[in-house]
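These are my notebook entries on one structure. I set down what I looked up, entry by entry.

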Amino acid sequence: MSAEPISGADIVIKALVDQGVDVVFGYPGGAVLPIYDALFKQNALRHILVRHEQGAVHAAEGYARSTGRVGVVLVTSGPGATNAVTGLTDALMDSVPIVCLTGQVPTHLIGNDAFQEADTTGITRPCTKHNYLVKDVRDLSRMIHEAFYVAKSGRPGPVVIDLPKDVLFALGPYSHPEDARHKSYRPQVIPDQARVAQAVEMITAAKKPLFYGGGGLINSGAEACAGFTEVVRRTDAPCTLTLMGLGAFPAADPHFLGMVGMHGTYEANMAMHDCDLLIAVGARFDDRVTGRLNAFSPGSKKIHIDIDPSSINKNVRVDLPIVGDVGQVMAAMLETSPRAGAGLDRSEWWRHIEEWRAQDCLRYDRSCRGVIKPQYAIERLYALTRGHDVYVTTEVGQHQMWAAQFFKFDKPHHWMTSGGLGTMGYGLPAAIGVQIAHPEALVVDIAGEASILMNIQEMSTVAQYRLPVKLFILNNQYMGMVRQWQELLHGGRYSESYTAALPDFVKLAEAFGANGRRIENPAEMDDAISWMLKTPGAVILDVAVDPKENCFPMIPSGAAHNEMLLGPKDEAEQPVSEEGMVLV
Amino acid sequence: MNGLERHTIAVLVDNEPGILARVVGLFSGRGYNIESLTVAEVDRRNSLSRITIVTSGTRMIIEQIKAQLQRLVPVHKVLDLTDEGPFVEREMMLIKVEGKGDVRIEALRLADIFRARVVDSTIESFVFELTGSAEKLNAFIALMEPLGLVEISRTGAVAISRGTTSL
Ligand SMILES: Cc1ncc(C[n+]2csc(CCOP(=O)(O)OP(=O)(O)O)c2C)c(N)n1
Ligand SMILES: [Mg+2]
C-alpha cells in the first residue's frame with residue numbers, strides 16, 4: 001500500500017502504468033473527465049483518440065493480437081459504453097484480452113435514470129469474461145489489477161471496469177499489482193502428464209492423423225506455435241488451421257493443408273472427414289469448421305487440447321480431453337517422446353492427401369479478361385509484400401475469406417480478423433491498433449467496400465496520428481458474401497445487397513489527408529500495389545474487382561466436409577438442403 | 001446417451017453484486033433449464049454464498065453446465081451432487097388451504113400424516129409448512145387441491161452430500 005491517499009483517477013493511471021500499459025484507446029465524456037484530467041498531467045501513458053468507441057475496442061484488439069499483450073480501452077458512461085458493446089462481444093468471441101474502463105454516473109445516482117446512465121455491468125455481463133462496478137475507491141486498485149489478471153489468464157477475454165464519477169474524485173489508498181491476486185480464479189495451465197503420454201501413443205499408432213490448430217495457439221504465444229510446429233513435423237502428420245489459427249504453423253511447410261472449414265481447402269476438409277485421429281489444439285469445433293455435426297469426421301478418434309474445459313465436449317464428443325495451456329501441452333509432448341515419429345510410415349495417408357491437393361481447389365479463372373479477379377489482387381498483394389514485415393487485418397465478407405485463402409502466414413500475430421462474431425468494420429480500427437504497436441511495420445486492411453464504411457470515421461484517427469496504414473479495398477459493389485448466399489439459397493434475388501451510392505474512395509482518402517488511387521484493369525495491379533507500398537502515409541487503394549465472383553470452395557450450411565462445392569458448376573448441381581437453409 | 005437427466009448442482013460463489021445475474025444469465029443465454037435455484041450466504045467471514053441448482057439435460061449438456069459454471073470468475077467450486085454419491089435434498093413449502101367443516105378436518109388429518117406444521121390459521125384457512133423431497137411436496141399439493149388449496153410458496157431445493165465429504 002502506498003501511504004498517501006490519491007484520487008481514484010490517479011489510482012487508475014498508476015495501476016495502468018504498473019500493469020505495463022503504454023497506450024490507451026479511448027474517447028472522452030463527462031463521466032470520465034477526471035481520468036482525462038489525470039492523463040493530461042502525466043507522460044507515461046499515451047492516449048489514442050478514436051472517433052467511435054467501437055473503434056477503440058477494435059483498435060485495442062488489433063494492439064493485443066499483434067503483441068500478445070492486454071489492450072486497454074477508456075470510454076465514457078451511457079452511449080460511450082453501449083458503443084463499445086460490439087467490440088467487447090467481438091473480443092469475447094475471439095478470446096482477445098481487453099480491459100475496458102467505462103465511466104459511470106456517481107454512485108448516488110445509479111438506478112435513477114440519470115443523464116448518460118446505462119446499466120453497463122448489466123449490459124456487458126454476457127459479452128465480457130468478467131466485469132466490475134467499483135463502488136468504493138478502496139477497492140479500485142485491486143479491481144484493476146484483478147481485471148488484468150482475469151483478462152489475460154486462462155482463455156483470454158474482455159473485462160469491463162465500471163467507474164462511477166464520485167469514485168474517481170474520492171481519495172483512496174493505492175495497492176501494487178503483487179498485492180492483488182484473485183481469490184479463487186486459477187485456470188488449469190499444466191496438463192495431466194498421463195493424458196499427454198496417452199496422446200503421444202495415439203498419434204504414433206494412428207494411420208491417418210490430422211492436427212487441427214486454432215486461435216488458442218496464437219493466444220498461447222509464439223513459443224506454443226513453435227512447439228506445435230515441431231510436434232507436427234516430428235510426427236509427419238498433416239496439419240490444418242482455423243481462420244483464427246492462421247500463422248500458428250508456417251503456411252509454406254508441406255505439412256500444411258490450408259485452412260479448414262466452410263471456405264477452407266478441399267484437402268483440409270477431406271482430411272478432416274477421412275482421418276482416423278483428429279488432434280484439436282486450441283480450437284473449438286466451431287460450426288464454421290465442423291459443417292453438419294452428425295457427419296463430422298465420422299471415423300476418427302479425437303483428442304482435444306484446450307485451456308477452456310467448457311470448450312471440450314461442447315459440440316463434438318472427444319475421446320481424450322487434455323485441459324491446459326496448449327504451449328505447455330506441446331512442450332510436454334515433445335519431452336514425452338523426443339523421437340516420436342521416427343520410423344512412422346504415413347505414405348499411404350500422404351498419397352490420399354496428394355490426390356486431394358491435385359484438385360487445386362483454389363484455382364480461379366486467371367485469364368483476367370480485363371476484369372480484376374479478387375483472388376488475383378490478393379495473390380499479387382502477397383507476392384509484392386514479401387520482404388516487408390507485414391500485418392494483415394480484414395473486414396468481413398468474401399474478401400476476408402479470399403485473404404485467408406491467398407495470403408500465406410508463416411508467423412503468429414500477423415493476421416487479425418473477426419472470426420467468431422464476424423464484425424464488419426473491424427479491420428480499419430484493428431489496423432490502427434496494430435500500427436500503433438508496430439510503427440515501422442507495414443499494416444494492410446484487406447477490406448470490402450461495404451465493410452469499410454462501417455468504421456470509416458477512423459480515417460480521422462489515422463490522419464491525426466499520421467499512421468501509414470494501407471486500405472486495400474476489394475470493391476465488388478456488393479455485399480459480396482450476402483450476394484453469394486442469395487445466389488445459392490434465394491434464387492438470385494439480390495435483396496438490398498447492392499452497395500449503391502458508394503463514395504469516391506480516392507476523394508475520400510484525400511479528404512482525410514491520405515492518398516487514394518482506383519484501378520480497374522489487371523494490368524495496373526502490380527504498379528498500383530508498388531505505388532501503395534512506396535507512398536508514405538496512409539493509402540486507400542480502391543480495387544474494382546469482378547462483382548460476380550463467388551468464394552469457393554464452400555461447404556454449404558448443413559452439408560458435410562465431403563460435400564464441398566468446388567466451383568460454380570457444383571453450385572448449380574447441388575441445391576442446399578432445407579435444414580441447411582435455416583442455418584446462418 | 002440422449003436421455004434427459006435431472007441433476008442437483010451445488011455452487012460455491014463469492015457473495016458479490018451481480019453473481020446471481022451471472023449464473024441465471026448463463027442458463028438463459030445458453031438455453032439450459034432451471035428447475036429450481038436457491039441461494040444464500042453460507043460463510044459470512046469469507047463472504048461466500050451457496051447456490052443450489054436443479055437442472056435437467058442430456059449428459060453432454062450437464063457436463064457443459066458444470067464447465068460453464070466453473071468458468072465464471074467468482075465461482076469457487078462446482079459440485080454435481082447427483083454424480084458424487086449419496087446426498088440429501090430438501091425443499092420447504094408454505095401452502096394455504098381454505099375451507100370449512102369436514103374439509104378442514106380432512107386437511108389437518110393429511111397434514112399430520114405428512115408431518116406438515118400449521119403455521120397460521122383462521123376459522124376459514126390454514127397455512128401449512130412442509131419440508132421434504134420435491135415428490136413429497138407434490139404429493140401433498142395433489143391432496144390439498146380438492147380440499148381448497150389457494151396458494152403455494154416453495155423455496156426450491158437445497159441439498160448436501162451425505163457422510164463426511166464436503167464442498
Ligand atoms: C456488422 C455486420 N452487419 C452485417 C453483417 C452481415 N454480412 C456479412 S458479410 C456482409 C457483406 C460484406 O460486404 P463487403 O464488405 O463489401 O465484403 P464482400 O463480401 O463484398 O467482400 C454482410 C452484410 C456482418 N457480418 N456484420
Ligand atoms: Mg463488397
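Entry 1, chain B. I counted secondary structure first and got 4 helices and 8 strands for chain B. Helices here are DSSP runs of H or I with at least four residues, strands are runs of E with at least two, and both are numbered from the N terminus. I then read along the sequence and noted the pattern β-α-β-β-α-β-β-α-β-β-α-β for chain B. The C-alpha trace of chain B spans about 55 × 40 × 35 Å along its principal axes.

Entry 2, ground rules. The model is predicted, local features need pLDDT of at least 70, side-chain atom pairs count only at pLDDT 80 or more, and totals for chains, interfaces and linings use all residues. Residues are numbered from 1 along each chain as its sequence is written, chains are lettered from A and ligands numbered from 1 in the order in which they are written, and side-chain values use heavy atoms, with hydrogens and water left out.

Entry 3, the interface. How many residues of chain B are in contact with chain A? I found 16 residues of chain B in contact with 19 residues of chain A, contact being heavy atoms within 4.5 Å. The area buried between the two chains is about 1,500 Å², and carbon and sulfur atoms give 55% of that. On the chain B side, B:Arg22, B:Met60 and B:Val73 lose the most area to chain A, together 43% of what that side buries. Buried area is the accessible area (1.4 Å probe) that two parts lose on being put together, summed over both.

Entry 4, polar links across the interface. I noted 6 residue pairs in polar contact between chain B and chain A, both residues at pLDDT 80 or more. A polar contact is a pair of N or O atoms within 3.5 Å; within protein, one must be able to donate a hydrogen and the other to accept it, and residues adjacent in sequence count only if both atoms are side-chain atoms. I also found 2 salt bridges across this interface, the rule being a side-chain nitrogen of Lys or Arg within 4 Å of a carboxyl oxygen of Asp or Glu. A:Asp308 forms a salt bridge with B:Arg71, with the closest N and O atoms 2.9 Å apart. The elements of chain B that give two or more residues to the side touching chain A are α1 (19-29), α2 (59-71) and β4 (75-80). Of these, α2(B) gives the most, with 6 residues.

Entry 5, B:Arg59. I located B:Arg59 in helix α2 of chain B. The side chain of B:Arg59 makes a polar contact with the side chain of B:Glu5 at 3.2 Å.

Entry 6, a salt bridge within chain A. Over all chains I counted 38 salt bridges. One of the pairs I looked up is A:Asp139 with A:Arg142, the closest N and O atoms being 3.8 Å apart. The two are separated by about one helical turn, because they are 3 residues apart in helix α7 (residues 137-152) of chain A.

Entry 7, the magnesium ion (ligand 2). Which residues of chain A supply its protein donors? They are A:Glu449 (OE, listed twice), A:Asn476 (OD1) and A:Tyr478 (O), lying 2.1 to 2.6 Å from the ion. I noted the sequence spacing of the donor residues as E-x26-N-x1-Y. A:Glu449 is in the loop between β17 (442-448) and α19 (459-464) of chain A, and A:Asn476 is in the loop between β18 (470-475) and α20 (480-489), 27 residues apart. Donors are N, O and S atoms within 2.8 Å of the metal (3.2 Å for Na, K and Ca); water is not among the atoms, so sites may look incomplete.

Entry 8, backbone. A cis peptide bond joins A:Phe552 and A:Pro553, with omega about -5 degrees. A:Pro553 lies in the loop between β20 (539-544) and α23 (568-573) of chain A.
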